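The exercises below are meant to be worked with the sequence and the model open side by side. Please try each task before reading its solution.

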Amino acid sequence: MAATPKRVEHQLTDKGYVPVYATGIVEQPWNDYSETDHAVWAQLFARQNELLVGRACDEFLANQRRMGMTAERIPKFSELNAALARTTGWEIIGVEGLLPELDFFEHLANRRFPVTWWIRTPEQLDYLSEPDLFHDLYGHVPLLMEPVFADYMAAYGRGGVKAHGIGPEALTNLTRLYWYTVEFGLIRQHGDLRIYGAGVLSSKTESIYSLESAAPHRIGFDLERVMRAQYRIDTFQKTYFVIDGFAELMAATEPDFTPIYARLAGRPPIPAGEVGEGDAVIQRGTGEGFAEGGDV
Ligand code: PHE
Ligand code: FE
């Protein structure tokens, strides 16, 4: 595994020169956040926290509180890291944006979660096409303090390194698993559905849509089914997969995926909005508003 690189360079960004480590890791330029940056964080945080009571899984809000993440100001990575170090041993590292796949997997395998340091502008409150600080930090980081989920993320990183060595088809299968769990996963809790996926937790509209709209399908999690499922990067998901608990997710992904990749190779993918014969359908969606084409 690559160790955290230490070579520092400086890169000119719209925050002035910030130190950039060899692989694109940056120190969080906390003192350079503007009042507007803090205000965007505060507004998004307050809006989501209000919305997510009764919608997010219990562990999300509990750990958010426990790690001291508040609306008041953009959290300092160093402060959150102290809380993470005391619990699951995860660490947040600052990055400019998306990393090469293998770097990302190696960070996760070593319990380092890359967080984009910059935050969206007030004009982008509801939508932007790449992950920013709000998505990465607000959406992903609280569950890194949840022991079973924390282990799942590290196991995913190790699995990513392995899939990368196997080939592009294996990587596609694994990426779908990430998408439908870490980013868009739903979980059964209190006899109801709740959100644990960061892509949903960090979106006002999708946190309502994923649980309340009659349009999308909601299907019980099945590993191979999920690995075959195409998804959307441009609209709400057409299908959400539901786990019974993090322990179930952990157990289902425990086996070696190598024979599964081999078995799935050459089998056609399942379109994002399709419900199949053997699916454990919880709610069959009406499909209303589904866009034609565009699955990835
Ligand atoms: N068990 C998987 C493998 O052998 C690794 C993995 C674990 C992947 C958890 C994703 C999530 O590749
Ligand atoms: Fe994400």
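**Exercise 1: The iron site**

H135 is buried, as is E183, where buried means under 20% relative accessible area, exposed means over 50%, and partly exposed lies in between (1.4 Å probe, protein chains only). The model is a predicted one, in which local features need pLDDT of at least 70 and side-chain atom pairs count only at pLDDT 80 or more, whereas totals for chains, interfaces and linings use all residues. Residues are numbered from 1 along each chain as its sequence is written, chains are lettered from A and ligands numbered from 1 in the order in which they are written, and side-chain values use heavy atoms, with hydrogens and water left out.

Task: determine which residues coordinate the iron ion (ligand 2), and at what distances.

Solution. Begin with the donor atoms, which are NE2 of H135, NE2 of H140 and OE of E183, at 2.0 to 2.1 Å from the iron ion (ligand 2). Donors here are N, O and S atoms within 2.8 Å of the metal (3.2 Å for Na, K and Ca), and since water is not among the atoms, sites may look incomplete. Next, read the spacing of these donor residues along the sequence, which is H-x4-H-x42-E. Finally, place the donors in the fold: H135 lies in helix α5 (residues 133-140) and E183 in helix α7, so the pair ties together parts that are 48 residues apart in sequence. Helices (H or I, at least four residues) and strands (E, at least two) are DSSP runs, numbered from the N terminus.

**Exercise 2: Two domains and a nonpolar core**

Task: describe how domain 1 and domain 2 are arranged, and which residues touch the most other members of the largest nonpolar core.

Solution. First take the bounds, which are 34-166 for domain 1 and 168-296 for domain 2, and which come from an automatic or database domain assignment. The centres of the two domains, taken over C-alpha atoms, are 20 Å apart, and 37 residues of domain 1 are in contact with 36 residues of domain 2, contact meaning heavy atoms within 4.5 Å.

Then turn to the core, a set of buried Ala, Val, Leu, Ile, Met, Phe, Trp, Tyr and Cys residues joined through side-chain atoms within 4.5 Å. The largest such core has 84 residues, among which W41, L137 and V141 touch the most other members. Helix α7 (residues 168-183) gives the most to this core, with eight residues, and both domain 1 and domain 2 supply at least three residues each. To follow one of these residues outward, note that L137, leaving aside its neighbours within four places in sequence, is in contact with W41, M69, P75, F77, L80, I92, V115 and P142.

**Exercise 3: The surroundings of ligand 1**

Task: find which backbone atoms lie 2.7 Å from a nitrogen atom of ligand 1.

Solution. Start from the surrounding residues, which include Y152, Y156, K162, L174 and L177, together with T253, E254, P255, D256 and F257; a residue is near a molecule if one of its heavy atoms lies within 4 Å of it. A polar backbone atom of T253 is 2.7 Å from a nitrogen atom of ligand 1, and a backbone N or O atom of P255 likewise lies 2.7 Å from a nitrogen atom of the ligand. For an oxygen atom of ligand 1, the distance to a polar backbone atom of F257 is 2.9 Å.

**Exercise 4: Helix α2 and its partners**

Task: is N49 buried or exposed, and which side chain is joined to the side chain of N49 by a polar contact of 2.7 Å?

Solution. Consider first helix α2 (residues 58-66), in which F60, L61, N63 and Q64 are buried, and whose buried residues pack against α1 (35-52), α5 and α8 (198-201). N49 is found in helix α1 and is buried, with a relative accessible area of 19%. Not counting residues up to four places away in sequence, N49 touches L61, Q64 and Y138. The side chain in question is that of Q64, at 2.7 Å, a polar contact being a pair of N or O atoms within 3.5 Å; within protein, one must be able to donate a hydrogen and the other to accept it, and residues adjacent in sequence count only if both atoms are side-chain atoms.

**Exercise 5: Positive phi angles**

Task: locate R111 and H190, and state how accessible each residue is.

Solution. R111, which is not a glycine, has a positive phi near 60°; R111 sits in the loop between α4 (101-109) and β5 (112-116) and is partly exposed at 22% relative accessibility. H190, also not a glycine, takes a positive phi of about 55°; H190 sits in the loop between β6 (186-189) and β7 (192-195) and counts as exposed at 58% relative accessibility.
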